Amino acid sequence: MELTHFSKTFSPGYYTAGYDFPAGTYNLKATFGGGNVISEGAGLNLIMGLKSDDMYTKTYNNASFSNGDVVQIASTLKLKFKTTEKVEKKSLSKYGRKGKKKILSPGKYLVGKDIKEGIYDISLVSGSGNVISDDGVLNEIMGSGDTSMYVKKFMHAPLQDGTTVEIDGVTVKITPSK
């Protein structure tokens, strides 16, 4: 078994230990923007960012993630994960979840009817506005303007049957995560 350090910067989205990064203990550092960092499994509920005020934390040390723990990075935050110790060097699992690529213009879409259930990367096509789901998985402002306000891509959004996704003012492309 070969061990190595792991370091990667993640943009807004959902990331799973064992799929997107190896399980282990990490130091987290904001590298752009600001937003929430939430992981039930790792016990995190942080507001991180580059702003130097009392609301934002720029770094957080020794966050421990077990296989299957999910971390959500929201808004415009880009977050660097760096292991505190060497982790097992092996290929990470692929999502292997099915879905169907689709362009969504403003409107309401029901997962299971209008969108096939799956885990999706959501990319801006045009416009600016909100992408929201009624289960709380999505609540992002997407657009091509000011990068401190708008998200251009959201990674690994789990869309489950029965969920309603509302697109307002923006056209997006959903692509199954790999």
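# Exercises on a predicted all-strand model

Gln-72 is found in strand E8, which covers residues 70–73. The model is a predicted one, and the exercises below start from this residue before turning to other parts of the chain.

**Exercise 1.** Determine whether Gln-72 is buried or exposed, and work out which residues and strands surround it.

*Solution.* Begin with the accessibility: the relative accessible area of Gln-72 is 17%, and since buried means under 20%, the residue counts as buried. Next, list the contacts, leaving out residues up to four places away in sequence; Gln-72 then touches Gly-13, Tyr-14, Asn-36, Val-37, Ile-38 and Val-137. With Tyr-14 there is also a polar contact between the side chains, at 3.4 Å. Then turn to the strand pairing: E8 pairs with strand E3 (residues 13–16) in the antiparallel sense over four bridges, and within this pair Gly-13 has Ile-73 as its bridge partner. Strand E5 (residues 34–39) likewise runs antiparallel to E8, joined to it by two bridges, and here Ile-38 is the residue that stands opposite Gln-72.

**Exercise 2.** Describe the sheet that contains strands E2, E9, E4 and E7, and explain why E2 and E7 each have one side without a neighbour in the sheet.

*Solution.* First establish the order, which is E2-E9-E4-E7 in an open sheet of four strands with antiparallel pairing. Strand E2 (7–10) and strand E7 (59–65) stand at the edges with a single partner strand each, and therefore one side of each has no neighbour in the sheet. From one strand to the next, the twist averages 30 degrees. Finally, look at one pair in detail: E2 and strand E9 (residues 78–83) run antiparallel and are joined by four bridges, with Thr-9 standing opposite Lys-80 in E9. As background, the strands of a sheet pair through backbone hydrogen bonds, in either a parallel or an antiparallel manner.

**Exercise 3.** Classify Gly-129 and Leu-110 by relative accessibility, and state what each of them touches.

*Solution.* Take Gly-129, which belongs to strand E13 (residues 118–133); its relative accessibility is 13%, so the residue counts as buried. Setting aside neighbours within four places in sequence, Gly-129 is in contact with Glu-140, Ile-141, Met-142, Asp-168, Gly-169 and Val-170. The C-alpha atoms of Gly-129 and Ser-144 are 10.0 Å apart, with the two positions 15 residues apart in sequence numbering. Now take Leu-110 in strand E12 (residues 107–110); its relative accessibility of 32% makes this residue partly exposed. Counted with the same exclusion of residues up to four places away, Leu-110 touches Ile-115, Gly-162, Thr-163 and Thr-164. The C-alpha atoms of Leu-110 and Ser-133, which are 23 residues apart along the chain, are separated by 9.7 Å.

**Exercise 4.** Decide how the radius of gyration of the protein chain relates to that of a compact globule, and set the result beside other values for the whole chain.

*Solution.* Start with the make-up of the chain, which has zero helices and 16 strands. For 178 residues, a compact globule would have a radius of gyration near 16 Å, and because the protein chain has 16 Å, the two agree. Along the principal axes, the C-alpha atoms fill a box of roughly 45 × 40 × 25 Å. Of the 178 residues, 42% count as buried, while the chain exposes about 9,400 Å², of which carbon and sulfur atoms supply 47%. Last, consider the contacts with a separation of 6 or more: residues 24 or more positions apart account for 73% of them.

Terms used: Residues are numbered from 1 along each chain as its sequence is written. This is a predicted model: local features need pLDDT of at least 70, side-chain atom pairs count only at pLDDT 80 or more; totals for chains, interfaces and linings use all residues. Side-chain values use heavy atoms; hydrogens and water are left out. Two strands pair if DSSP finds at least two bridges between them. Axes are lines fitted to C-alpha atoms, for helices over the stretch in contact, and angles run from 0 to 180 degrees between N-to-C directions. The radius of gyration is taken over C-alpha atoms; the globule rule is 2.2 Å times the number of residues to the power 0.38. Buried means under 20% relative accessible area, exposed over 50%, partly exposed in between (1.4 Å probe, protein chains only). Contact means heavy atoms within 4.5 Å. Accessible areas come from the Shrake-Rupley method with a 1.4 Å probe; for residues, only the protein chains shown count as cover. A polar contact is a pair of N or O atoms within 3.5 Å; within protein, one must be able to donate a hydrogen and the other to accept it, and residues adjacent in sequence count only if both atoms are side-chain atoms.
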